[in-house]
Amino acid sequence: MSDKVATRAAYGKTLVALGREDERIVVLDADLSGSTTTAEFAREFPQRFFNMGIAEANMMGVAAGLAASGKIPFASTFAIFATGRAFEQVRQSIAYPAFPVKIAATHAGVSVGADGASHQSIEDVALMRVIPGMTVICPCDAVETAGAVIAAARHDGPVYLRLGRHPVPVVMPKNHVFTLGRAERLRQGSDVVLLASGLMVSVCLEAADLLAQQGMSAEVINVSTIKPLDKAAILDAAKRCRAVVTAEEHSVIGGLGSAVAALLAQKCPTPLEMVGIQDRFGQSGDVPPLLEEYGLTPGAVVAAAERVIQGRCMN
Amino acid sequence: MDITTKTRLEKRAREMRRHILRMIAAAGSGHPGGSLSAADIMATLYFHVMRVDPQRPNWPLRDRFVLSKGHAAPVLYAALAECGFFPVEELTSLREFGSYLQGHPDYKQTAGVDASTGSLGQGLSIAVGMALAARLDAKDYRVFALLGDGELQEGQIWEAAMSAAHYRLGHLVALVDCNGLQIDGEVERVMSIAPLKEKWQAFGWYCLEVDGHAVDQIAHAIDEASTVRPTVILARTIKGRGVPFMEGRAEWHGKAPSSDQLQDALAALNKEDEDV
């Protein structure tokens, strides 16, 4: 875990590479191409880039029309605008006809930082998960993002790709091959399994080190594909470890934690703690104090792990 | 337009109106008013203007049609069935469980339907995307979208209008079925949208006005469409056109006729046929 790269940066670079290989790739943005990094694609392929202005609802409909005509559109803006402002356009114009539009949204979560609550999306995974047929991916680092962008382009259907603004450690090996729908075990353990997405994956790896120092063996699994969930991998880990912690930079309502809770409750009831944003809005600030305030730290994951292990023993 | 063509299109529109009434009566629900008002526009598009092939519904070079006012699905289904995309006999399965004729147009299920619509305000954006794709691929197909006048209250319509003009989509034609009524009453009383022509012109569109029940005027306006910027045709229509007891009545926006009312309505249309 050395160099830090924002997942949005990997997105922009991968789009350019994809654009060179496949003429069907087109990109739309809503006046945020510098921030979402689609500007790199726009420079190399100006004919295949459409700035739609500050009009997200229309952007989603136009993306649908391009997809209906054989294109593979990537539509980018900030996560809250892509999923909140344009929710029903995504539902009706894109997902219902199952068009292969890739909604690649950046600036998800509180790690947006200083812009504050209006720009910090903590609801987007919930909003996209609930749409029938929508695939939801939240990569943990730059390496995984590159693979996820390519996998999204190849997937015949709508995809929501959740990306971040803030640089995060690279935790996946450089040669990692991303497989849509597969949760990746990054560390083996036996006392508790930490199921994480996005920037919480590196946080959980740190937490696992801390737990090891206390004599607890924590498994860490990167659940970057939140839908469809890798049920087999999660159930296997839950059965072996008998205690589960989910960790996400998103509301605990409707995100990874909710998805895992529903799975476990139905298939393998297991003590569970959910680390995430506890039904609150974000706020302005630097990223480290924000992660601290919202309980998105190695310490918070360790505390959750301790609680869930203790809870299991009491049962 | 020669008289033979005009007569042929008017006859087709009457036949489509009969289909509309029969299928909505069979379903027991649906939207007759805004389907009947658009019948002449749709007959002109599908039987005179558009390049479509019912044997190849996904033909890449076909002209595209987006029914942005998706609740008028019956008029689209009537046109597609008359064209031969699917059997006319299937029309009465409208809105039935398991039918491919869903209450609002479904791209996945129905041959000839180019976009899933029904949530108002979204279709013009889809049409803009189709027109951009045509330009990218250097294909010469045109894109048509039919909007309702009440639908123009949706903000997304104006986002789409802005983008179509910005990208100079000369192969995009929007038609507005200006029947003046929406569910709660007169459009101008519910939420004023006037002045329409000036609004579209201010958004950069070439704007034409026609009698939406005069097939020759509709066809002529489409011929006159700009090739360097998007064109909108404001078609003045009567909601419920062709059925005297439905004409100009907002209550027939979304209500099925009873079997007696169906017979009265069909009789009125048959009389129009005889009068020709």
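Q: Which residue just after α4(B) takes a positive phi?
A: The model is a predicted one. In it, the backbone just after α4(B) has a phi of about 105 degrees, and the residue with this value is B:G84.

Q: How many of the residues of α4(B) are buried?
A: A residue counts as buried when its relative accessible area is under 20%. Those of α4(B) that meet this cut-off include B:L76, B:Y77 and B:E82. The helix is largely enclosed by the rest of the structure, because the number of its residues that are buried is 11 of the 11.

Q: What covers the buried residues of α4(B)?
A: Among the buried residues of this helix are B:A73, B:V75 and B:L80. Their cover includes one strand, β1 (64–67) of chain B. It also includes the helices α1 (3–27), α2 (32–36) and α3 (39–49).

Q: Is B:T110 buried or exposed?
A: B:T110 lies in the loop between α4 (73–83) and α5 of chain B. It touches B:Y77, B:F86, B:Y100 and B:L101, leaving aside residues up to four places away in sequence. The cut-off for a buried residue is under 20% relative accessible area. B:T110 has 3% relative accessibility, so it counts as buried.

Q: How far apart in space are B:T110 and B:Y77, C-alpha to C-alpha?
A: B:Y77 belongs to the buried residues of α4(B), and B:T110 touches it. In sequence the two are 33 residues apart. From C-alpha to C-alpha, the distance is 8.9 Å.

Q: Which residues touch the most other members of the largest nonpolar core?
A: In soluble globular proteins, nonpolar side chains tend to be buried together. The largest nonpolar core here has 69 residues. Helix α5 (residues 123–136) of chain B gives the most to this core, with 9 residues. The members that touch the most others are B:W200 and B:W205.

Q: How many residues are in the second, separate core?
A: This core includes B:L76, B:F86, B:F144 and B:L266. Of these, B:L76 is also one of the buried residues of α4(B), and B:F86 is touched by B:T110. The number of residues in the second core is 57.

Q: What is the radius of gyration of chain B?
A: Chain B contains 10 helices and 7 strands. For its 276 residues the globule rule gives 19 Å, and the value for chain B is close to that, so the chain is as compact as a globular protein of that length. Its radius of gyration is 17 Å.

Key:
Residues numbered from 1 in each chain as written. Chains lettered and ligands numbered in written order. Predicted model: local features only at pLDDT ≥ 70, side-chain atom pairs only at ≥ 80, totals over all residues. Heavy atoms only, no water. Helix = DSSP H or I, 4+ residues; strand = E, 2+ residues; numbered from the N terminus. Rg over C-alpha atoms; globule rule 2.2 N^0.38 Å. Core = buried A, V, L, I, M, F, W, Y, C linked by side-chain atoms within 4.5 Å. Buried < 20%, exposed > 50% of the residue type's maximum accessible area, 1.4 Å probe, protein only. Contact = heavy atoms within 4.5 Å.
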